[in-house]
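User: I am new to this structure. Please take me through the reasons behind the labels.

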Amino acid sequence: MISNQILQNTIDGVKGTYFAVWAPHAVNVAVIGDFNDWLGFNHNMKMENDSGIWELFIPEVEEGAMYKYVISTQSGDTLYKAD
């Protein structure tokens, strides 16, 4: 099961977007989109406290930006997920 959330936010005076996705069995999760030329290596997410929730704040990403999550599975597969 994969569930996600995005929020426009300001952190330390910097506007951007907060991404969060629940992917408890993933090995790695990244965000790709029109804001990074669909390349995920600059926007790897981090899981906090083994919660299964991967999070990342990306400065200057505005509402309406197109994006997908790149999810690396334990079996070595790569999944591309969007809303």
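**Reasons behind the labels**

Analyst: Start with a polar contact: the side chain of Asn-36 comes within 3.1 Å of the backbone oxygen of Val-31. Keep in mind that this is a predicted model.

User: What makes the approach of Asn-36 to Val-31 a polar contact?

Analyst: The cut-off for a pair of N or O atoms is 3.5 Å. The side chain of Asn-36 reaches the backbone oxygen of Val-31 at 3.1 Å. The distance is within the cut-off, so the pair counts as a polar contact.

User: Where does Asn-36 lie, and what does Asn-36 touch?

Analyst: Asn-36 lies in the loop between strand E3 (26–33) and strand E4 (46–47). Leaving out residues up to four places away in sequence, Asn-36 touches Val-31 and His-43.

User: Why is Asn-36 called buried?

Analyst: Buried means under 20% relative accessible area. Asn-36 has 10%. Therefore Asn-36 counts as buried.

User: What about Thr-17: why is Thr-17 called buried, and what does its side chain reach?

Analyst: Thr-17 has a relative accessible area of 2%, under the 20% limit, so Thr-17 is buried. Thr-17 sits in strand E2 (residues 14–22). Its side chain reaches the backbone oxygen of Val-61 at 2.7 Å. That is within 3.5 Å, so this pair is a polar contact.

User: How many helices and strands does the chain have?

Analyst: The chain has zero helices and seven strands. Along the sequence, the pattern reads β-β-β-β-β-β-β. Of the 83 residues in the chain, 33% are buried.

User: How do you know that E6 and E7 pair?

Analyst: Two strands pair if at least two bridges join them. Strand E6 (residues 67–73) and strand E7 (residues 78–81) have four bridges, in the antiparallel sense. Therefore E6 and E7 pair. Ile-71 stands opposite Leu-79 in E7. The hairpin of E6 and E7 has four residues between the strands, and Gly-76 there takes a positive phi near 95°.

User: Why does Val-70 count as buried?

Analyst: Val-70 has 14% relative accessibility, against a limit of 20%, so Val-70 counts as buried. Val-70 is found in strand E6. Beyond residues up to four places away in sequence, Val-70 touches Asn-28, Val-29, Ala-30, Ile-32, Thr-78, Leu-79 and Tyr-80. Val-70 and Ile-32 are 38 residues apart in sequence, yet their C-alpha atoms are 7.1 Å apart in space.

User: Which residues touch the most other members of the largest nonpolar core?

Analyst: The largest nonpolar core has 14 residues, and Phe-19, Val-29, Val-31, Met-45, Trp-54 and Tyr-69 touch the most other members. E2, E3, strand E5 (53–59) and E6 each supply at least two residues of this core. In soluble globular proteins, nonpolar side chains tend to be buried together. Trp-54 touches, among others, Phe-19, Val-29 and Met-45.

User: How many aromatic pairs are there, and why is the pair of Phe-19 and Phe-35 called tilted?

Analyst: The count comes to four aromatic pairs. The rings of Phe-19 and Phe-35 have their centres 6.2 Å apart, within the 6.5 Å limit for a pair. Their planes are at 35°, neither under 30 degrees nor over 60, so the pair is tilted. The pair links distant parts of the chain: Phe-19 is in strand E2, Phe-35 is in the loop between E3 and E4, and they are 16 residues apart.

User: Buried or partly exposed: what are Phe-19 and Phe-35?

Analyst: Phe-19 has 1% relative accessibility, under 20%, so Phe-19 counts as buried. Phe-35 has 25%, between 20% and 50%, so Phe-35 counts as partly exposed.

User: What makes the pair of Phe-19 and Tyr-69 edge-to-face?

Analyst: The ring centres of Phe-19 and Tyr-69 are 6.4 Å apart, within 6.5 Å. Their planes are at 85°, over 60 degrees, so the pair is edge-to-face. This pair also links distant parts of the chain, with Phe-19 in strand E2 and Tyr-69 in strand E6, 50 residues apart. Tyr-69 has a relative accessible area of 1%, so Tyr-69 is buried.

User: Which residues do ring pairs link into a cluster?

Analyst: The cluster consists of Phe-19, Phe-35, Tyr-67 and Tyr-69, linked by ring pairs.

How values were computed: Residues are numbered from 1 along each chain as its sequence is written. This is a predicted model: local features need pLDDT of at least 70, side-chain atom pairs count only at pLDDT 80 or more; totals for chains, interfaces and linings use all residues. Side-chain values use heavy atoms; hydrogens and water are left out. Buried means under 20% relative accessible area, exposed over 50%, partly exposed in between (1.4 Å probe, protein chains only). Contact means heavy atoms within 4.5 Å. A polar contact is a pair of N or O atoms within 3.5 Å; within protein, one must be able to donate a hydrogen and the other to accept it, and residues adjacent in sequence count only if both atoms are side-chain atoms. A nonpolar core is a set of buried Ala, Val, Leu, Ile, Met, Phe, Trp, Tyr and Cys residues joined through side-chain atoms within 4.5 Å. Rings of Phe, Tyr and Trp (its six-membered ring) pair if their centres lie within 6.5 Å; planes under 30 degrees apart count as stacked, over 60 as edge-to-face and the rest as tilted.
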